[in-house]
Amino acid sequence: MTERRTRYPGPIAAAAVHPHGLVAQGFAEDAALAAVLDRYPADLFDINLYDYDDEGQVSLRTGARGRLDGGQLLEAIQQGRLWVNMRDVERGWPELWRATMAEFDRVMGDAYPGLKAASRNGQLILSSPKARVPYHFDASGVILFHLRGRKRLFVFPGDEAHLPERSMEQVIARQTTEEIPYVRAFEQDAQAIDLEPGQALTWPFFAPHRVENLDRFCVSLSVDFQTWASRFRRGALYTNAVLRSRGGTPRSTDRMGQAELAARWAASVLLKRTGALKSRLEGFERDFEPDVGAVDGAGRLSVDPAGGQG
Ligand SMILES: [Fe+2]
């Protein structure tokens, strides 16, 4: 049996690679990408540029969609140092989503027959040859379908040392733009996996990870999903964040049984509805617009603020 690299339950005990059949369908070719970039809703783009200091600590600049057409935007990504995330693929590119869901069912059904996804959500990620995504966790299960280029994933243990619950609460309740804390010493605990087109990667629920592109323009589709167990846990962490903001000292979700986790999830649904904890991430400023030939692919913002919405 594989060693469990997480304290969270679920059928995925460690990072694992699975073959998938999405590449041959042509979704990641230049013409298809340029066309989808042209029509993808501007409010579904996240455009990030990450800088790292000598200790591996990250700072983030964020981009507006800008005015480039699809072909130019693709060129800016291929030449620059950008990480472009197109959210809600189910809405933005239904054909890709349908094909991906067929692969999701096949891959997950073969590898983790007990796993029941209660919800699924897709993000298409286009990233520059030298882009690197910093250490973070996703509050869900994830399968990453790799479609083009080469990238290296580093997956870390999901224990309290690498994934402190207090930091998870802050991220889940959207109280910080910071990710969970990272130190270089974690690297010795990483599982490193190189991904080629046609391979998909799964890892344990919530496990921290980071990504380095291996000198190629990369296209991946990340599908995050919730089971009822992961949803209960995420909700419990949100409720704990609210309790802590009111001076409470909630205990770790590790010590809660399913009934208590479910009750805390139910509380989180009500707390969100009543707006108990306001997200501190709304309305933040953008730093740049993608531009072909600009340093890192990051050009100046256009003066017309509507330019970012077009
Ligand atoms: Fe991630």
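How many residues has helix α7, and how does its reach from first C-alpha to last stand against the span expected at 1.5 Å a residue? In this predicted model, helix α7 (residues 258-273) comprises 16 residues, and its first and last C-alpha atoms lie 23 Å apart, close to the expected 22 Å. Three residues of α7 are buried, namely L261, R264 and S268. These residues lie on the same side of α7, because they cover an arc of only 65° around the axis. A259, V269, L270 and R273, by contrast, are exposed on the other side of the helix. An α-helix has 3.6 residues a turn, so residues three or four places apart point the same way.

The packing partner of the buried residues of α7 is α6 (228-245). The axes of α6 and α7 come within 7 Å and cross at roughly 60°, and the crossing is left-handed. On the α6 side, the residues that meet α7 are R231, F232, R233, G235, A236, Y238, T239 and V242. Their counterparts in α7 are L261, A262, R264, W265, A267, S268, V269 and L271. The buried residues L261, R264 and S268 are thus among those that meet α6, as is V269, a residue of the exposed set. After α7 comes G275, with a positive phi near 65°.

Helix α4 (residues 94-111) was examined in the same terms. The 18 residues of α4 should span 26 Å at 1.5 Å a residue, and the separation of 25 Å between its end C-alpha atoms agrees with this. The buried residues of α4 are L96, W97, T100, E103, F104 and M108. Seen down the helix axis, they fall within an arc of 130° and therefore line one face of α4. E95, R98, D105, G109 and D110 are exposed on the other side. The buried residues of α4 pack against one helix, α3, and against the strands β5 (119-127), β7 (141-148) and β12 (218-226).

The strands β5, β7 and β12 also belong to an open sheet of eight strands, in the order β1-β10-β7-β12-β5-β4-β2-β3, with antiparallel pairing. At its edges stand β1 (16-19) and β3 (58-63), each of which pairs on one side only. From one strand to the next, the twist averages 25°. Strands of a sheet pair through backbone hydrogen bonds, either parallel or antiparallel.

Within this sheet, β2 (residues 45-52) is joined to the edge strand β3 by six bridges, the two strands running antiparallel. N48 has T62 of β3 as its bridge partner, and I47 is partnered by G63 of β3. The hairpin of β2 and β3 has five residues between the strands, and G56 in this hairpin takes a positive phi near 80°. Strand β2 is also joined to β4 by four bridges, again in an antiparallel arrangement. Here, F45 has M86 of β4 as its bridge partner.

The loop between β4 (83-86) and α3 (89-92) contains D88, and R87 lies in this loop as well. R87 counts as partly exposed because it has 17 C-beta neighbours inside 10 Å. Its C-alpha atom is separated by 6.5 Å from that of G122, although the two residues are 35 residues apart along the chain. Apart from neighbours within four places in sequence, R87 is in contact with L44, D46 and Q123. D88 has 16 C-beta neighbours inside 10 Å and therefore also counts as partly exposed.

Most residues other than glycine have a negative phi. D88, which is not a glycine, nevertheless has a positive phi, near 55°. Another aspartate with a positive phi is D296, at about 65°. D296 is placed in the loop between β13 (289-290) and β14 (298-299). With 19 C-beta neighbours inside 10 Å, D296 counts as partly exposed, because a residue is buried only if 20 or more other C-beta atoms lie within 10 Å of its own.

Terms used: Residues numbered from 1 in each chain as written. Predicted model: local features only at pLDDT ≥ 70, side-chain atom pairs only at ≥ 80, totals over all residues. Buried ≥ 20, exposed ≤ 12 C-beta atoms within 10 Å, placed from the backbone. Pairing = 2+ DSSP bridges. Axes fitted to C-alpha atoms, helices over the stretch in contact; angles between N-to-C directions. Expected span 1.5 Å × (residues − 1). Arc of directions from axis to C-beta. Contact = placed C-beta atoms within 7 Å. Left-handed = near helix turned anticlockwise from the far one by under 90°.
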